[in-house]
Amino acid sequence: MKGTYRPTKRQKREAPINPLDAVGLSQLSSYYGILKTPIIISSEKDIILDRLKKELIIPFELVLSVPRLYNRNATAASKLTQINISKRNKKKVENWKVGIIKSRMWIGINQGTRALEQEQPELVLLCNDVHSSIISQHVIKRIKSPNTTSKVPIIIFPGSRASFELGKIIGINRASLVVFTKQPTGESLKGNIDHNTNEVEIHRYHQKIDSFLEFCKSKVPEDST
């Protein structure tokens, strides 16, 4: 119909979710009855995101997005600067610390779901503004189903832009789901880890992750376990 407003793909992606979808996250109806998963308050979310940045993202030098080399209209000096920045970021990506954090931190719906199915999940961070509530409901049902052998602590971040806030901390545009898993062993480690790295150092950095997870677990609402 001529003159009808149609939002762009970006507007659809960044639009707040339907309030009716968000209602079902705290008390989700399922085949097993009502699954209760309280949503934490905004101040607690800010504290967790701040500690995530200071205790994991910065110390582990996690860089997921590498900027393009240069702008087409940039000057020669600016191009050289951007190339050097890109090389430094690439070096950080190949850092052995990144291999450790990637072996325990699974980011996004696809990776997070795979971690829940194949790995040993230890903590789940889920954003309330997942555009399709079916995705978040699937995650909650999988975690809180009576058939699940081990109960995984889950924290739901409030807010209509929670996934953008989490993504900004991690270094990407948006992150709706993050799953932390237990410390892997041997060849199951992901990423480029230098085998000559001191084992004491590797153990110390795993302890940093464990410390952050213990803090997050202390913030999990009682009714969500």
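Leaving aside neighbours within four places in sequence, which residues is Leu166 in contact with? In this predicted model, the partners of Leu166 are Leu49, Leu52, Cys127, Phe157, Ala175 and Val178.

**Nonpolar cores**

Leu166 is also listed, together with Leu52, Met105, Ile155, Phe157 and Phe180, among the residues with the most contacts inside the largest nonpolar core, a set of 34 residues. Both helices and strands give two or more residues to this core. The helices are H3 (42–57), H5, H8 (162–170) and H9, and the strands are S3 (105–107), S4 (121–127), S5 (154–157) and S6 (177–181). Helix H9 gives the most, with seven residues. Another core lies apart from this one; it has 14 residues, including Ala115, Val124, Val130 and Val139.

**Aromatic rings and charges**

The structure holds three aromatic pairs. One of them joins Trp96 and Tyr205 in an edge-to-face arrangement, with 5.4 Å between the centres and 85° between the planes. This pair links distant parts of the chain, as Trp96 belongs to helix H5 (residues 96–102) and Tyr205 to helix H9 (residues 199–218), 109 residues apart. Trp96 and Tyr205 are both buried. Through ring pairs, Phe60 is linked with Trp96 and Tyr205 into a cluster.

Tyr205 also has a charged residue over its face, namely Lys208. A second arrangement of this kind involves Arg161, whose charged end sits over the ring of Phe164. The distances are given below.

| Charged residue | Ring | Distance to ring centre |
|---|---|---|
| Arg161 | Phe164 | 4.3 Å |
| Lys208 | Tyr205 | 5.6 Å |

**The two sides of helix H6**

Helix H6 (residues 109–118) has four buried residues: Gly112, Thr113, Ala115 and Leu116. Because they cover an arc of only 155° around the axis, these residues lie on the same side of H6. The face turned away from that buried side carries the exposed residues Asn110 and Gln118. Ala115, one of the buried residues of H6, is also a member of the 14-residue core.

**An unusual backbone angle**

Most residues other than glycine have a negative phi. Glu61, in contrast, has a positive phi, near 55°. Glu61 is found in the loop between H3 and helix H4 (76–93). With a relative accessible area of 27%, Glu61 is partly exposed.

How values were computed. Residues numbered from 1 in each chain as written. Predicted model: local features only at pLDDT ≥ 70, side-chain atom pairs only at ≥ 80, totals over all residues. Heavy atoms only, no water. Phe/Tyr/Trp six-rings, centres within 6.5 Å; stacked < 30°, edge-to-face > 60°. Buried < 20%, exposed > 50% of the residue type's maximum accessible area, 1.4 Å probe, protein only. Lys NZ or Arg CZ within 6 Å of the ring centre and 35° of its normal. Core = buried A, V, L, I, M, F, W, Y, C linked by side-chain atoms within 4.5 Å. Contact = heavy atoms within 4.5 Å. Arc of directions from axis to C-beta.
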